[in-house]
Structure formats: structure tokens, C-alpha cells
Amino acid sequence: MSGLVQNPGMQTWSSHSPSSTPGSGRGKHRPRATVHREEDSEERNQGLVGAVEKGTIQHFLRLAQQGTEEKERERALVSLRRGLQHPETQQTFIWLEGSMRTLVGLLTSNQALLQLEAARCLHELSHSEQSAVAEACLPATSYLLTYLSGHSSDFIELCLYTLGNLIVESEAVRRQLLPQGIVPALAACIQSPHLTVLEALGYALSQLLQVKEAPEMIIPSVLGSTLPEHILRLLQPGPKLNLGVAVEFAWCLHYIICSQVDNTLLISHGGLSTLGLLLLDMAGAVQRTEDTGLELLACPVLRCLSNLLTEAAMEVVGGQNQLEDERVVAALFILLQFFLQKQPSLLPEGLWLLNNLTANSPSFCTSLLSMDLIEPLLQLLPVSNVVSILVLTVLCNVAEKGPAYCQRLWPGPLLSCLIGTLASPDIEVVGQSLELLQLLFLYQPEAAKDFLQQSGLQVLERHQEEAQLQDRVHALQQTALHQ
């Protein structure tokens with residue numbers, strides 16, 4: 001069965017999908033982000049500090065709060081921060097009475113260096129996988145949000161990564177951040193001129209958009225803000241496009257689209273045309289051999305396009321949102337060749353998009369044929385069963401369009417390839433091959449004759465006893481014999 005297929009990466013909403021969704025994207029959550037500085041690198045090269053005892057933590061906090069010189073207070077916080085890299089120290093710290101109150105007091109002090117080191121201590125705590133540690137940081141979240149409107153880009157970046165890390169682990173943190181105004185605060189940050197801030201913002205937002213309550217509690221607020229139009233602005237190709245920023249916001253867009261809260265809004269903001277242009281830009285980068293990190297952006301962009309196409313059948317998408325048929329197909333095949341050579345795990349992502357492009361669009365099917373792209377498509381069949389199923393599904397989309405399309409599919413290498421896929425041990429590959437052959441025999445009777453001449457019936461006999469296939473095998477045998 002061919003047709004539009006939603007590829008959310010996390011879940012599939014579709015009456016038909018291949019045996020597994022392409023899985024070359026992120027997992028449920030990214031690893032916790034770390035803000036890297038030269039000093040950090042030097043410290044980590046010296047080795048991880050061992051667990052710090054309760055008395056030592058109290059000493060550091062006392063010095064940081066009551067030291068006579070600012071440098072002495074700062075050094076105490078640096079020592080505490082290094083200790084907080086150790087999970088045991090984190091546990092000791094959060095259960096130590098008054099420790100968080102003291103740290104928040106330093107975070108809100110009027111001395112910038114102490115503020116910064118206190119924020120770095122919170123950042124170390126945010127790396128914990130224990131929800132109790134994240135929840136111990138609750139008294140600090142309102143201040144971290146407030147500082148997002150500050151003037152220091154380094155400090156804003158640090159606050160964003162810390163918030164992003166805390167969001168992952170604790171529902172209590174998220175429940176507090178929402179009424180505190182995290183969505184408006186992030187929307188204000190997205191107009192920052194600093195790329196490091198934008199990348200950190202993308203990380204924090206992507207963490208927020210992935211949580212289980214996001215479709216009900218978070219994404220409606222995000223869609224009601226200025227964030228969507230700015231996300232699409234940051235994904236527009238051109239000299240200002242930054243790969244790191246684009247990757248973060250492409251994943252943000254992916255999670256929003258997967259929620260299916262209001263994808264028509266994204267389409268009305270030019271989502272399809274922006275993503276289509278970005279696809280063309282990525283293909284151009286491959287041709288110029290500027291492929292550094294390209295696969296990181298390709299995966300979310302392909303998924304966003306695939307899933308938006310399920311919202312808007314190509315016949316009803318007009319005006320500025322209409323994708324350019326031949327240019328998009330040509331770009332997609334350039335990327336498929338790149339994936340085949342450099343990143344085969346991304347092939348299903350590209351083929352998923354090709355399936356959704358061709359499902360209800362004769363013009364995209366015509367582009368495939370007029371640009372002689374059937375043979376390059378068939379060359380992907382041996383890669384894997386998942387790839388084979390998607391290639392065969394795309395070919396079914398073309399064949400379904402009727403006799404004129406089947407006539408152009410035939411003759412050529414298609415029949416020998418299909419006899420090969422019929423020999424596959426994978427039932428889904430065989431089933432999709434049977435469906436394609438049935439369409440070809442229906443619309444192009446010469447195909448049935450060639451099939452018989454190439455011992456196709458003998459190949460079919462192998463599957464006569466398989467319960468899942470025997471009805472379709474019998475139907476195809478009858479069609480072939482009576483054409």
C-alpha cells in the first residue's frame with residue numbers, strides 16, 4: 001500500500017508504514033549540554049576531582065559568602081564547582097541545610113564574577129541524572145529566567161544550557177518554569193545577535209519541546225508566540241545561515257511538527273518553501289564538497305518536510321508554499337547519493353520524503369521519470385530491507401498513476417530487480433514487490449509476458465505456502481497468466 005506516511009522519528013501516525021521508522025536522528029533527549037571554556041578544559045585535563053565531604057562544602061560556601069577579598073570568594077566557588085562535577089558531591093550538597101539558599105544568594109549578588117561562578121555551580125548540578133538534584137535547583141530557576149534578558153552573552157548562554165539540562169530531568173522544574181514565563185523569555189532571546197546564545201536557546205527549546213506534556217502544555221504557547229516565524233527565519237539559506245544554530249532549530253521544528261498541534265500555521269508561515277530551499281542549499285553544499293556536518297542538519301530537515309507534506313496534499317498547497325518539483329527531486333537525489341557514500345543510515349530519511357512527495361503528486365512522479373531517476377533509485381535496493389521497502393513504495397506511487405506512467409517504467413532494469421527482491425527472505429520486501437508487479441501487469445500487459453519469459457512464476461512458487469503472502473502470490477499468478 002502506498003501513500004503519505006508520517007515520519008516523526010518517535011512515533012508513526014499512518015495507515016501504512018515500512019517495517020521500521022528511520023532512526024538516524026536524536027533519541028528522546030540529547031545528552032546534557034556543557035558550556036566549554038578554556039579553563040574547564042585545563043581543569044578536566046588535570047582529572048576529575050574526587051567527592052568532596054560535607055565539611056569541605058561548608059567551608060567553600062562560608063568562604064564564598066564571607067571571604068574578605070573577592071578573589072578569595074571566587075576561588076572558593078571555583079573549588080566548589082569542581083567538586084560538584086562528582087555525583088556524590090552533588091548529593092551531599094543538595095541535602096546540606098542552607099547550601100542552595102547560599103548559592104542562590106551568590107547568584108543574585110551584585111558582583112559579576114561571583115554571579116558567574118555561582119551560575120557555573122548550578123550548571124554542574126544540572127548535569128545530574130537524578131531528579132532530586134534538578135528539583136533542588138528550583139529556587140534558582142526564576143533568576144536564571146530573569147538573567148536571559150541581561151547584557152552578557154556568555155552569562156545568557158550559560159543560563160540557557162543550565163535551564164535546558166534541568167528541563168530534561170524534572171517535571172517539577174517544568175511545572176514551575178511555565179508560569180514563570182519560560183516561553184516568552186525564550187521568544188525574547190531568539191532575536192539575539194549572538195550565535196552562541198542562539199545555539200544554546202535552540203538546545204533549551206528542543207529539550208522543552210520533547211517532554212511528554214509538550215503537546216498539551218507547551219507547544220500551543222510556542223505556536224502562539226513569535227518563535228515559529230523566527231525559527232523559520234533562522235533556517236533560511238544564505239550567508240547568514242549558521243550550521244550549529246540551524247541544526248538546533250531544525251530539531252525544534254521537527255518536535256513541533258510531530259505534535260500535530262497546528263501544522264497549518266507553520267505552512268502558512270512558509271514552512272514548506274523555507275525547508276524546500278534549505279534542501280536545495282544542502283544539495284548545493286554537497287556538490288561543492290562543503291559537507292562538514294551536513295548530515296546533522298539533513299536528518300531533521302528531511303523529517304520536517306516529510307511530515308509537513310502529510311498535512312498538506314500537494315494539490316492544495318499553492319502560491320509561495322508550492323515546492324518546485326524538479327529542483328526538489330534533483331536535490332533529494334544528490335543527497336541520496338551523498339548518504340549512500342557517507343551516511344547510509346540517512347537513506348531511509350530521504351526515501352521517506354520521496355515517498356511523501358510522490359504519493360499524491362503526478363508532477364513529482366513525472367519528474368522522477370523525466371530526469372531518468374528510476375535506475376539510481378533501483379541501485380539503492382541492496383542497501384537494506386528498510387531501504388528496499390521504501391524504494392518499492394515510491395515505485396508503487398509512480399505505477400499507481402496509471403498506464404502512461406507504467407509505460408515509462410517499462411522496459412528497463414525494473415523487472416530483473418523485482419525478480420531479485422521476490423527472492424528476499426523478508427516478507428515485507430516480497431509483499432511490496434508483489435504489489436508493484438500487480439500494478440505493472442494491470443497497466444502494462446507486456447510486463448507480464450516478460451515476467452513469464454524470465455521464469456517469474458518459479459520465483460513466485462517459493463512463497464505459495466507463506467500465510468501472509470499466498471493470497472497475493474495467487475492473485476499475481478492469475479494476472480500474469482491471463483494478460
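Residues 314-321 are a stretch to treat with care: their pLDDT (the predictor's confidence in each residue, from 0 to 100) stays under 50. The model still gives residues 314-321 18 contacts beyond four places in sequence, where a contact means heavy atoms within 4.5 Å. Residues 8-25 also stay under 50 in pLDDT, with 55 contacts beyond four places in sequence. Where pLDDT is low, the predicted coordinates should not be read in detail. Over the whole chain, the average pLDDT is 87, and 87% of the residues score at least 70.

A word on how the values were made. This is a predicted model, in which local features need pLDDT of at least 70 and side-chain atom pairs count only at pLDDT 80 or more, while totals for chains, interfaces and linings use all residues. Residues are numbered from 1 along each chain as its sequence is written, and side-chain values use heavy atoms, with hydrogens and water left out.

Now for the overall build. The chain has 29 helices and zero strands; both are DSSP runs numbered from the N terminus, helices being H or I with at least four residues and strands E with at least two. Of the 483 residues in the chain, 56% are buried. Buried means under 20% relative accessible area, exposed means over 50%, and partly exposed is in between (1.4 Å probe, protein chains only). Among contacts with a separation of 6 or more, 75% join residues 24 or more positions apart.

Gly-164 gives a good view of such a long-range link. This glycine sits in helix H9 (residues 153-169) and counts as buried, at 0% relative accessibility. Leaving aside neighbours within four places in sequence, Gly-164 is in contact with Tyr-203, Ala-204 and Gln-207. Gly-164 and Tyr-203 are 39 residues apart in sequence, yet 6.5 Å apart in space, C-alpha to C-alpha.

Further along, Gln-477 is found in helix H29 (residues 470-481). Its side chain may be a polar one, but Gln-477 is buried, with a relative accessible area of 10%. Beyond its neighbours within four places in sequence, Gln-477 is in contact with Leu-457, Leu-460, Glu-461 and Gln-464.

The loops are worth a stop too. Glu-53, in the loop between helix H1 (38-45) and helix H2 (54-66), counts as exposed at 62% relative accessibility. The C-alpha atom of Glu-53 is separated by 7.1 Å from that of Thr-89, 36 residues apart along the chain. Pro-344 lies in the loop between helix H19 (325-342) and helix H20 (347-358), and is partly exposed, with a relative accessible area of 41%. Its C-alpha atom and that of Val-387, 43 residues apart along the chain, are separated by 9.7 Å.

Two other loop residues have a positive phi without being glycines. Gln-260 has phi near 55° and lies in the loop between helix H15 (243-259) and helix H16 (263-268); this residue is partly exposed, with a relative accessible area of 34%. Asp-372 has a phi of about 55° and lies in the loop between helix H21 (362-370) and helix H22 (374-378). Asp-372 is exposed, with a relative accessible area of 61%.

What about the cysteines? A disulfide is a covalent bond between the sulfur atoms of two cysteines. Here the test is a pair of cysteine sulfur atoms within 2.5 Å, and a search of the whole structure finds zero disulfides. Take Cys-299: the closest cysteine sulfur, in Cys-304, is 9.5 Å from its own, so the two are too far for a bond. Cys-299 counts as buried at 2% relative accessibility, and Cys-121 is buried as well, with a relative accessible area of 0%.

Finally, the largest pocket holds about 280 Å³ of space. Of the 15 residues that line this pocket, the closest to its centre are Arg-233, Leu-234, Lys-240, Leu-241 and Asn-242. Helix H12 (195-210) and helix H14 (227-234) are the elements that give two or more residues to the lining. A pocket, on a 1 Å grid over the protein atoms alone, is an open set of points where a 1.4 Å probe fits, with protein on both sides within 12 Å along at least five of seven lines; lining residues have an atom within 4 Å of a point. Grid points are joined across faces, edges and corners, and the volume is the space filled by probe spheres set on the points.
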